[in-house]
Amino acid sequence: MDNSVFADTQTLAAALKLHAVLDAVCARVGDMALPQHAVLAGVAERDGGLSLKELRRRFGPLGDVECLVGSLEERELVERARNAGDRREFALRIVRKGAVQAEQVDEALACELIGPAKGLS
């Protein structure tokens, strides 16, 4: 038996399981999917916001960035504003409600990831 294939299969299975756990936490606490939270958290990290170009670069592998942004805008968690660095572009900025939501989900994700490890020390 080729151990490298077995290890890759185990790694993939572990990654899929972790994704499912994190996605469930996001759904339970933030009523959103993991990719939506990733975009929200990414926008929260930048005081000046993120351009759609930067969002596509950073979060493109998560899916349709415009759709993710649209769902966050509909829920009034983020807003579009003129990009101070390039007035032709818009920057996506987090609003207070979005910052609170991101913080709550981040805390729940941390508890989910760190909680089981407590018994190991």
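## Helix H2 itself

Let's start with H2, the helix spanning residues 34-45: its 12 residues cover 16 Å from the first C-alpha to the last, close to the 16 Å expected at 1.5 Å a residue. Keep in mind that this is a predicted model.

H2 is mostly covered, with 9 of its 12 residues buried. The buried set begins with Leu 34, Pro 35, Gln 36 and His 37, and goes on with Val 39, Leu 40, Ala 41, Gly 42 and Val 43.

## Packing against H4

One partner is H4, the helix of residues 65-74, whose axis comes within 10 Å of the H2 axis and crosses it at roughly 75 degrees. Angles of 65 to 115 degrees count as roughly perpendicular, so that is how H2 sits relative to H4.

On the H2 side, the contact uses Pro 35, Gln 36, Val 39 and Leu 40; on the H4 side, Leu 68, Ser 71 and Leu 72. Sorted by class, the contact holds 5 nonpolar and 2 polar residues, and no charged ones.

## Packing against H5

H2 also meets H5, residues 96-114: here the axes come within 10 Å and cross at roughly 120 degrees. This crossing of H2 and H5 is left-handed.

H2 puts His 37, Leu 40 and Ala 41 into this contact, while H5 brings Gly 98, Gln 101, Ala 102, Val 105, Asp 106 and Leu 109. The class split for H2 with H5 is 5 nonpolar, 3 polar and 1 charged.

Leu 40 is worth a second look: this buried residue touches H4 and also H5.

Key:
Residues numbered from 1 in each chain as written. Predicted model: local features only at pLDDT ≥ 70, side-chain atom pairs only at ≥ 80, totals over all residues. Heavy atoms only, no water. Helix = DSSP H or I, 4+ residues; strand = E, 2+ residues; numbered from the N terminus. Expected span 1.5 Å × (residues − 1). Buried < 20%, exposed > 50% of the residue type's maximum accessible area, 1.4 Å probe, protein only. Axes fitted to C-alpha atoms, helices over the stretch in contact; angles between N-to-C directions. Parallel < 35°, antiparallel > 145°, perpendicular 65-115°, else oblique. Contact = heavy atoms within 4.5 Å. Nonpolar A, V, L, I, M, F, W, Y, C, P; charged D, E, K, R; others polar. Left-handed = near helix turned anticlockwise from the far one by under 90°.
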